Amino acid sequence: MSAEASTAIDIDRSVGDFSYPEQHTFDAGTGLTPQTIDYISDVKKEADWIRKFRHRALKVFQEKPMPTHWATKDLENIDFDKIRYYLSRGQQPTRSWEDVPDDMKETFERLGIPEQERKFLAGVEAQFDSEAAYSNVKESLEKQGVIFVNSTEGLREHPELFRKWFGKVIPTGDNKFSALNSAVFSGGSFIYVPPGVKVSHPLQAYFRINAENFGQFERTLIIADEGSEVMYMEGCTAPKFETSTLHSAVVELVAMPHAKIQYVTVQNWSANVFNLVTKRGMAHENAEIRWIDCNIGSRLTMKYPGVVMKGRKARGEVISIALANDGQHQDTGAKMIHAADETTSNIVSKSISVGQGRATYRGQVHIPKHLKGCKNNTECDALLINPKSKTDTYPAITVRGNQHATQHEASVSQVSEDQIFYMKQRGLSEAEAMSLSVNGFVNDLVREFPMEYSVELKRLIDLEMEGSVG
Amino acid sequence: MSIDIRDLHARIDDQEIIKGLNLTLPKGEVHAIMGPNGSGKSTLAKVLSGHEDYEVTNGSVSMDGEDLLELEADERSRAGLFLAFQYPHEIPGVSNANFIRAALQARLPEGEELDAVGFYKELYAAMDALEMDRKFTGRAVNEGFSGGEKKRNEILQMAMLKPVYAILDETDSGLDIDALRIVSKGVNAMRSQDRGILVITHYQRLLDYIVPDHVHVMKDGKIIRSGDKNLALELEERGYDWLSEESAA
């Protein structure tokens, strides 16, 4: 493999790279002012408290500086005045694909969503720009009291539940982008699973950006009541536009005592998307929250899923795979906040840097002095495909007191020329050899994904590597 | 039909290692190359299989009439050339079964899928012949393998890929006597009218098990003597210096 042979070129994102002409009834225009907020609140016919919540959030957003003192300067290239903050056709999500407008239906059919729903999902929500176009959950779940709707409907139909937990796990002022989301959020899922109900098949949401210069700000809130279990999966794509697009979600999870939430993400953003997402869960006594996260694509992703272990024996886990191709920066990691005795957290992160791609791991583990018997395990491994590829690791593990156990391992490895030669000698092309190495590197983590997603993941990695060698 | 090497010169960085080598390996024959350390035997194996660190500065190599040097390493493999590595590489996280499957899949026309049932049947039969445990299919390629296991794995891959020409680079190194017997049995089972095999070795011992049709002695980047299997025995008895003195004279 020669040095110049592995500079990434055009990546085949053909599956997601298409768009339909825009036909929006509601368009908040470009730029962000208090009028934008009122426009969104008016269109959604929102209660007064939520309108006030948004206006407060806008102030916080405007006052907070960009986090460039620790994060990349590339954030400065986001022009908030050129972004469109709300686009919709005023559609209500339908329960039947037949009733979804043709272009939206075709979009999701091309992405294979209705097919996946038939095969293995318990419920689906499909969001097109700012609002959901389709939302359905199996009748049997509905009878057990499971709620799975978009956040707009959740706010309207279940205000007491929604308001109780909304913004409690991730306060508005957590960071600049959680404030932005709090000001202009639209779409995303609202899920409530009643005590003892175990949802055996996954619920899935798909977030699709269709319009250029658009910002997608979905807001997801999942509450798993006592002893319940749920797995939620999200997928996202956008077409390849000339200008950059912003995706800034906030996801809050609440696992009540003995509940279990698994949140699976497979994102495949096109290379001009700024993906700045805040995700955090709160685990009460003996509850478990697992984030299983795969980041492929985007220009810059900043995402550090977290778990606050608030109850005794709560467990938190982050399993993450990030692939940074040429011109991309995956800045990902995990936050584990131990706030009760005998809580356990586990972080396993694997990143791959291709060409001039850059992968950054940032971890925060916090175990205070007054607690007893907490455990954390952190492993982060980086694989570099070329000499120019970059990786950096910033683990911050704060453990006070002497009654805890923590373990941290990090490794950086490079795909060696001899390893590639060995595989080529067996008849694999350079791209196939790279793909196999990368798949081997993440193999143990891919097994953590539901089978249907692990197949998709392998396909995405193959596509990425195919485009990355000349 | 043969591999024909004519006046081959090759170097790594600025150092010439192969200095005008001539050799013909016809189908249906087993040839052995012997020689002291540093004579260029392993370099020859790498040059023939297309390692990019080596530059061919002169000469030609053809395989059944096709210009081998024009092909990339993976194209040479798919055209039927196999190299059993002296130091096989590890591929973490990739199972042996998947690796061999990927290599076979790479030989199929676009859109055609390897038949999984047939593949495993063949793989198990080949593993049985090499006295390999079934668990081996799930282990990562060469990771944590003993020297003997790695060499056995090379022969397994050869059995599965069925090359037209195979080069075995020091396959006997690191093998105890039992492993040597099993590996040799595997190689002998692959001797055929339709296959040429080039065995590179430092010691005569291997040639007791894989009896060659021809033996060549390599020194300082050239073949300095060729003969039948008795040449190997003579070398064993008299050492390489005897030949060097003779060729210097």
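What follows is a short chat about chains A and B of a predicted model.

Biologist: What makes strand 6 (81-84) and strand 12 (222-227) of chain B edge strands?

Modeller: Each of them pairs on one side only. They sit at the ends of the order 6-9-10-3-11-12, an open sheet of 6 strands with mixed pairing. Neighbouring strands there are turned by 20° against each other on average, direction ignored.

Biologist: How do you know that strand 3 (residues 30-34) and strand 10 (residues 196-201) of chain B pair?

Modeller: Pairing takes at least two bridges. These two strands have 5, in the parallel sense, so they count as a pair. One of the partnerships joins Ile33(B) to Ile200(B).

Biologist: Which residues does Ile167(B) touch, leaving out those up to four places away in sequence?

Modeller: Among them are Ala45(B), Leu48(B), Phe82(B), Leu198(B) and Ile200(B). Ile167(B) is also listed with Ile191(A), Leu253(A) and Ala255(A) as having the most contacts inside the largest nonpolar core, which has 199 residues. Helix 10 (residues 430-446) of chain A gives that core its largest share, 8 residues.

Biologist: Why is the A-B contact called one of 22 residues of chain B with 18 of chain A?

Modeller: Contact means C-beta atoms within 7 Å, and 22 residues of chain B are in contact with 18 of chain A, so those are the ones that count. Helix 2 (73-78), strand 7 (91-95), helix 3 (96-105) and helix 5 (147-161) of chain B each supply at least two residues of its side. That side divides into 12 nonpolar, 6 polar and 4 charged residues.

Biologist: Where does helix 5 of chain B lie?

Modeller: Across strand 6 and strand 9 (165-169) of chain B, at about 165° to strand 6.

Technical notes
Residues numbered from 1 in each chain as written. Chains lettered and ligands numbered in written order. Predicted model: local features only at pLDDT ≥ 70, side-chain atom pairs only at ≥ 80, totals over all residues. Contact = placed C-beta atoms within 7 Å. Helix = DSSP H or I, 4+ residues; strand = E, 2+ residues; numbered from the N terminus. Nonpolar A, V, L, I, M, F, W, Y, C, P; charged D, E, K, R; others polar. Axes fitted to C-alpha atoms, helices over the stretch in contact; angles between N-to-C directions. Core = buried A, V, L, I, M, F, W, Y, C linked by C-beta atoms within 7 Å. Buried ≥ 20, exposed ≤ 12 C-beta atoms within 10 Å, placed from the backbone.
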